[in-house]
There are 2 protein chains.
Amino acid sequence: MSVLVVGSIALDTIETPFGEVREVLGGSASYFSLAASQFTDVKIVAVVGDDFPEENIGLFKSKGMELKGIQKASGKTFRWHGRYGYDLGGPQTLGTYLNVFESFDPVIPEEYSNAEYVFLANIDPELQLNVLNQVKKPKLVACDTMNYWIEKKPKELMEVIKNVDLLIINDAEARELAQEPMIIKASRNILEMGPEALIVKRGEYGALMFSKEGIFWAPSYPLEAVVDPTGAGDTFAGGFMGSLANGDSNGSAGLKKAVTYGCVIASFTVEDFGVKRIAHLQYKEIETRFTAFLKLSRLD
Amino acid sequence: MSVLVVGSIALDTIETPFGEVREVLGGSASYFSLAASQFTDVKIVAVVGDDFPEENIGLFKSKGMELKGIQKASGKTFRWHGRYGYDLGGPQTLGTYLNVFESFDPVIPEEYSNAEYVFLANIDPELQLNVLNQVKKPKLVACDTMNYWIEKKPKELMEVIKNVDLLIINDAEARELAQEPMIIKASRNILEMGPEALIVKRGEYGALMFSKEGIFWAPSYPLEAVVDPTGAGDTFAGGFMGSLANGDSNGSAGLKKAVTYGCVIASFTVEDFGVKRIAHLQYKEIETRFTAFLKLSRLD
């Protein structure tokens with residue numbers, strides 16, 4: 001089954017103590033799609049400016065993505081400029097230039113409207129609600145958000161959360177959303193807001209999934225070298241949704257497997273700048289690392 | 001088989017945003033022993049002052065610990081005063097009063113000298129070397145250390161590390177010791193210093209074990225409430241060594257199981273102030289949580 005993603009496409013300038021890249025392909029929809037397309041067909045809804053490099057479209061096409069939902073607006077593509085310190089933790093944002101993304105109004109092409117798996121990447125919750133109104137009975141809808149929307153549009157965000165099956169956020173966002181420092185209590189509060197399950201991304205420490213059935217912890221493979229954390233969260237979501245859409249179960253076992261695939265894909269993402277690593281990732285590399293992940297935390 | 005620990009016994013004053021305790025039982029040897037005694041016999045070598053409350057000795061005795069190696073020196077017992085912020089991360093030390101601990105010279109009683117399992121808690125590496133010279137062919141020696149000794153006595157510390165089987169430190173210490181930010185490379189550097197295995201404690205994110213046989217990750221159970229992190233690392237070590245001494249294997253499987261027991265015990269420690277929780281912990285509670293730990297990261 002196919003996955004529909006609505007999110008951003010950007011040109012990122014990324015600085016780390018280990019190097020720098022300028023105006024490379026970025027944005028939540030780009031990272032998500034490159035990850036999800038390892039597992040299944042992906043339909044993208046996003047906006048780019050008239051300066052968007054054709055080679056990026058070529059990359060998407062080479063992965064078999066459906067691009068009809070990518071609007072081309074007159075103006076410049078969304079740009080982001082960030083800098084990471086030696087801890088490679090949360091980056092310092094040196095510039096956010098929304099450009100054509102500022103007036104993004106996601107229109108779901110008719111033939112996408114019965115997509116079975118829908119991911120609402122981190123965009124304005126009002127737009128996320130618009131998308132929810134345009135899709136027909138998906139099997140599973142997941143969404144992401146960020147501190148900005150938790151603070152600026154709490155009412156709209158709560159409406160989104162009430163209407164999705166699954167929320168995928170990081171631990172700081174979970175704490176802020178629930179107004180509760182302890183992650184277990186925070187997750188319980190969030191599950192009461194509506195979703196069936198909550199996935200809390202914890203960077204190099206893996207991810208936790210909370211649901212009525214309990215807690216699942218997927219570790220993150222300790223890496224030789226982390227080069228650039230940009231896109232880890234979005235590729236986690238892409239691997240997760242792709243694995244679900246490709247699998248035969250949305251039950252507990254399918255969800256756990258999907259969380260593990262999410263961690264595996266994210267672990268590749270951070271090994272090089274931008275989408276460099278995942279753009280050329282072979283599926284067999286994913287399977288090899290998946291097996292290593294399973295071994296990592298097995299007692300026997 | 002029995003475990004010998006050489007470390008500190010202290011009276012701690014601990015402040016957190018959730019409360020405060022004054023002059024309660026603390027110190028690495030106390031925490032370690034209370035954890036290890038859940039699994040096996042424990043022999044303590046430490047020093048207390050003549051003001052050390054008899055009730056604490058009573059607590060040790062009630063756990064069947066061998067106390068002949070606790071020296072009673074004239075003067076005051078070691079005191080530590082720390083304060084945690086809302087993140088319950090590394091505490092701010094408000095006062096360290098070494099008192100009788102300043103001139104601690106560990107003497108291993110003759111009948112302890114053939115202990116099979118030896119833990120050198122975080123003390124001056126010169127004293128750790130003294131202990132190594134007093135014990136006869138233990139099956140396994142593990143040691144802890146801290147940033148202070150890495151910086152002040154690197155030569156002596158390297159001599160200790162070369163002569164122990166296992167090093168148990170936290171991730172910041174591993175990075176500092178190896179002078180390498182990436183934990184995988186850091187661990188490789190440290191294994192080259194001599195020990196068979198390295199365990200890196202990562203607080204609420206569990207623990208990693210590195211050895212020639214690969215990497216093992218034990219998760220830390222996400223807790224309802226963390227009240228006071230003091231002693232988590234020492235009880236991890238106590239649970240680890242106790243489980244090893246009580247088990248039938250020092251091979252890969254035995255070590256992994258021991259790391260998991262270490263995480264289990266540490267998860268209890270932080271649920272209340274000081275030793276309050278682990279002083280009254282029932283072994284069956286440990287087994288129940290151990291089972292929950294195994295389930296936490298299982299896909300099936």
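**Exercise 1.** In which loop of chain A is A:Lys137 found?

*Solution.* This is a predicted model, in which local features need pLDDT of at least 70, side-chain atom pairs count only at pLDDT 80 or more, and totals for chains, interfaces and linings use all residues. Residues are numbered from 1 along each chain as its sequence is written, while chains are lettered from A and ligands numbered from 1 in the order in which they are written.

Begin with the elements on either side: A:Lys137 sits in the loop between helix 3 and strand 9 (140–143) of chain A, where helices (H or I, at least four residues) and strands (E, at least two) are DSSP runs numbered from the N terminus. Next, look at the backbone, where phi of A:Lys137 is near 40 degrees, a positive value in a residue other than glycine. Finally, count the surroundings: A:Lys137 has 7 other C-beta atoms within 10 Å and is exposed; by definition a residue is exposed if 12 or fewer other C-beta atoms lie within 10 Å of its own, buried if 20 or more do, and partly exposed in between, with C-beta atoms placed from the backbone.

**Exercise 2.** Describe A:Gln179 in the same steps.

*Solution.* The loop that holds A:Gln179 lies between helix 6 (171–178) and helix 7 of chain A. Although A:Gln179 is not a glycine, it has a positive phi of about 55 degrees. A:Gln179 counts as exposed, with 9 C-beta neighbours inside 10 Å.

**Exercise 3.** How do helix 3 and helix 5 of chain A cross, and which residues meet there?

*Solution.* First take the geometry: the axes of helix 3 (residues 125–134) and helix 5 (residues 154–162) of chain A come within 8 Å and cross at roughly 35 degrees, the axes being lines fitted to C-alpha atoms over the stretch in contact and the angles running from 0 to 180 degrees between N-to-C directions. Then name the residues: A:Pro125, A:Glu126, A:Gln128 and A:Leu129 of helix 3 meet A:Glu156, A:Leu157, A:Glu159 and A:Val160 of helix 5, where contact requires C-beta atoms, placed from the backbone, to lie within 7 Å. Last, sort the residues of this contact, which divide into four nonpolar, one polar and three charged; Ala, Val, Leu, Ile, Met, Phe, Trp, Tyr, Cys and Pro count as nonpolar, Asp, Glu, Lys and Arg as charged, and the others, Gly among them, as polar.

**Exercise 4.** What relates chain A to chain B, and where do the two chains touch?

*Solution.* Start with the superposition, in which a rotation of 180 degrees with 0.0 Å of shift along its axis places chain A on chain B with an RMSD of 0.0 Å, fitted by least squares on the C-alpha atoms of residues with pLDDT of at least 70 in both. The two copies are thus related as by a two-fold rotation axis. In chain A, the C-alpha nearest that axis belongs to A:Tyr205, 3.2 Å away.

Turn then to the contact itself, in which 25 residues of chain A are in contact with 26 residues of chain B. On the side of chain A that touches chain B, helix 7 (183–192), strand 13 (214–218), helix 9 (252–269) and helix 11 (283–296) each supply at least two residues, and helix 9 gives the most, with four. The residues of this side divide into 18 nonpolar, two polar and five charged.

Key. Two residues are in contact if their C-beta atoms, placed from the backbone, lie within 7 Å.
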